[in-house]
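Biologist: Please take a close look at one part of this predicted model. I would like to understand how chains C and D meet, helix by helix.

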4 protein chains.
Amino acid sequence: MADLNSLRDQLRTFAAERDWDQFHSPKNLASALAVEAAELLEKFQWLTETESQNLPPDALEGVRHEIADVLLYLIRVSDKLGIDLIAAAQAKIALNAEKYPVDLARGTSKKYHEL
Amino acid sequence: MADLNSLRDQLRTFAAERDWDQFHSPKNLASALAVEAAELLEKFQWLTETESQNLPPDALEGVRHEIADVLLYLIRVSDKLGIDLIAAAQAKIALNAEKYPVDLARGTSKKYHEL
Amino acid sequence: MADLNSLRDQLRTFAAERDWDQFHSPKNLASALAVEAAELLEKFQWLTETESQNLPPDALEGVRHEIADVLLYLIRVSDKLGIDLIAAAQAKIALNAEKYPVDLARGTSKKYHEL
Amino acid sequence: MADLNSLRDQLRTFAAERDWDQFHSPKNLASALAVEAAELLEKFQWLTETESQNLPPDALEGVRHEIADVLLYLIRVSDKLGIDLIAAAQAKIALNAEKYPVDLARGTSKKYHEL
């Protein structure tokens, strides 16, 4: 089974074989990531929240492709910047736990500076 | 060391403790993901591509936080939809290899339907 | 009362006085526009649709600022590209009327190629 | 020649004829706006800044369509929220002039809180 490091290595080879590193500056990859995230959002934009929880199989398959694209660009931009995705996410969870204490954040969607 | 499954489980607990599942429909999580991807993009928007490849430490730390946020929401929306992130990404790489054959895609940023 | 041309001229002066034209390539302005659109989206991401229709005054004021930012970058990128915003929008309405005939599009959010 | 009010009225009729107001909550329109802004960004994501300033005619035409889509959703969400686009933009220019004084902001892309 692949893991993030394996995917990273495959993407390196993919880009190298196609001479695409010339396009893959962090700035450009961040744009591509935002575009893919918007393509994911587009799948949901006219659905109700309840509908978004009950996608028919073909819609779910389309969503799965967009989610994959987001992850691939996220791996790629992290690789170009030397960022360890898992470690960064683990550190952010710890930070979020401080910003959103359970007793203040329970049941509200307010941002931390409004709690 | 954490992995994606561990992060997924931590996020489940994080949301449950704060009674946040009521906000976490796939539709809303896709919006939050797009917002975080844009916050990442904001870090690069006025930089040249070369500058984006040579971030000073404090800018890199800011970028690392935004990248983490994108991954956390990506894990969360995938969890809510029952999508295996690694498997989806692995399948998408295979699909991209078909859409972008090396000999046609080398050195160009054209989309597959223009090759 | 200002109009789009007046706003365009004010933005030209604003950028010239600050020597900002060096940053305002269409590519960068398109990024900034996407970032501002995401900041607008952020105001709504955890709200229900009904709540989004009934914003309290301070939330509405925040939304108004983000909407203004989107328009300002839209005017700016159009100016840099020599695009007449009103004429482009008028032409697009005509095109949309062809893509979404009333009898096929009524009551559905499907895209035109699915109708 | 059309103006923003005329476009707003045309969009009202367009939606009413298709029974689309049921989909057009401010939340959903903000999502659609962000999606269109990303489609505009996609046109530039792999271009250099210089290339983005010298688009060939067919690329410029594609960009013009995306810019039109952004304006149409911006008009639509403003209409649903009772926001006067021109007045909001005019007020924001005045605010930006305070946040970015000429002598501090000249030649830098820093945000106002870093000046």
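Modeller: Start with the symmetry of the pair. In this predicted model, chain C is superposed on chain D by a rotation of 180 degrees, with 0.0 Å of shift along the axis and an RMSD of 0.0 Å. That is therefore the relation of a two-fold axis. The two copies use the same surface: 100% of the contact residues of chain C recur in chain D.

Now the helices. Take α4 against α4 to begin with. Helix α4 covers residues 57–81 in chain C and residues 57–81 in chain D. The two axes come within 11 Å and cross at roughly 160 degrees. An angle over 145 degrees counts as roughly antiparallel, so α4(C) and α4(D) are roughly antiparallel to each other. Their crossing is left-handed.

Which residues of α4(C) and α4(D) meet? From chain C come Leu60(C), Val63(C), Ile67(C), Val70(C), Leu71(C), Leu74(C), Val77(C), Ser78(C) and Leu81(C). They meet Leu60(D), Val63(D), Ile67(D), Val70(D), Leu71(D), Leu74(D), Val77(D), Ser78(D) and Leu81(D). By class, this contact of α4(C) with α4(D) has 16 nonpolar residues, 2 polar and no charged.

Helix α4(C) also packs on α5(D), residues 85–99 of chain D. Here the angle is about 90 degrees and the axes are 8 Å apart. That makes α4(C) roughly perpendicular to α5(D). On the α4(C) side, the contact residues are Arg64(C), His65(C), Ile67(C), Ala68(C), Asp69(C), Leu71(C) and Leu72(C). On the α5(D) side, they include Leu85(D), Ala87(D), Ala88(D), Lys92(D) and Asn96(D). The contact of α4(C) with α5(D) divides into 10 nonpolar, 2 polar and 3 charged residues. Note Ile67(C) and Leu71(C): they are among the residues that meet α4(D), and they are also among those that meet α5(D).

Next, α5 of chain C. This helix, residues 85–99, packs with α1 of chain D, residues 4–18. Their axes come within 11 Å and cross at roughly 15 degrees. Angles under 35 degrees count as roughly parallel, so α5(C) and α1(D) are roughly parallel to each other. Again the crossing of α5(C) with α1(D) is left-handed. From α5(C), the residues in contact are Ile86(C), Ala89(C), Gln90(C), Ile93(C), Asn96(C) and Ala97(C). From α1(D), they are Leu4(D), Leu7(D), Gln10(D), Leu11(D), Phe14(D) and Arg18(D). The contact of α5(C) with α1(D) is made up of 8 nonpolar residues, 3 polar and 1 charged.

For context, look at chains A and B. Chain A can be laid on chain B by a turn of 180 degrees and a shift of 0.0 Å along the axis, with an RMSD of 0.0 Å. These copies meet through the same surface, because 100% of the interface residues of chain A are also interface residues in chain B. Chain A has 6 helices and 0 strands. Its C-alpha trace spans about 50 × 35 × 30 Å along the principal axes. The radius of gyration of chain A is 18 Å, whereas a compact globule of 115 residues would have one near 13 Å.

How values were computed:
Residues are numbered from 1 along each chain as its sequence is written. Chains are lettered from A and ligands numbered from 1 in the order in which they are written. This is a predicted model: local features need pLDDT of at least 70, side-chain atom pairs count only at pLDDT 80 or more; totals for chains, interfaces and linings use all residues. Side-chain values use heavy atoms; hydrogens and water are left out. Axes are lines fitted to C-alpha atoms, for helices over the stretch in contact, and angles run from 0 to 180 degrees between N-to-C directions. Helices (H or I, at least four residues) and strands (E, at least two) are DSSP runs, numbered from the N terminus. Angles under 35 degrees count as roughly parallel, over 145 as roughly antiparallel, 65 to 115 as roughly perpendicular and the rest as oblique. A crossing is left-handed if the near helix is turned anticlockwise from the far one by less than a right angle, and right-handed if clockwise. Contact means heavy atoms within 4.5 Å. Ala, Val, Leu, Ile, Met, Phe, Trp, Tyr, Cys and Pro count as nonpolar, Asp, Glu, Lys and Arg as charged, and the others, Gly among them, as polar. Copies are superposed by least squares on the C-alpha atoms of residues with pLDDT of at least 70 in both. The radius of gyration is taken over C-alpha atoms; the globule rule is 2.2 Å times the number of residues to the power 0.38.
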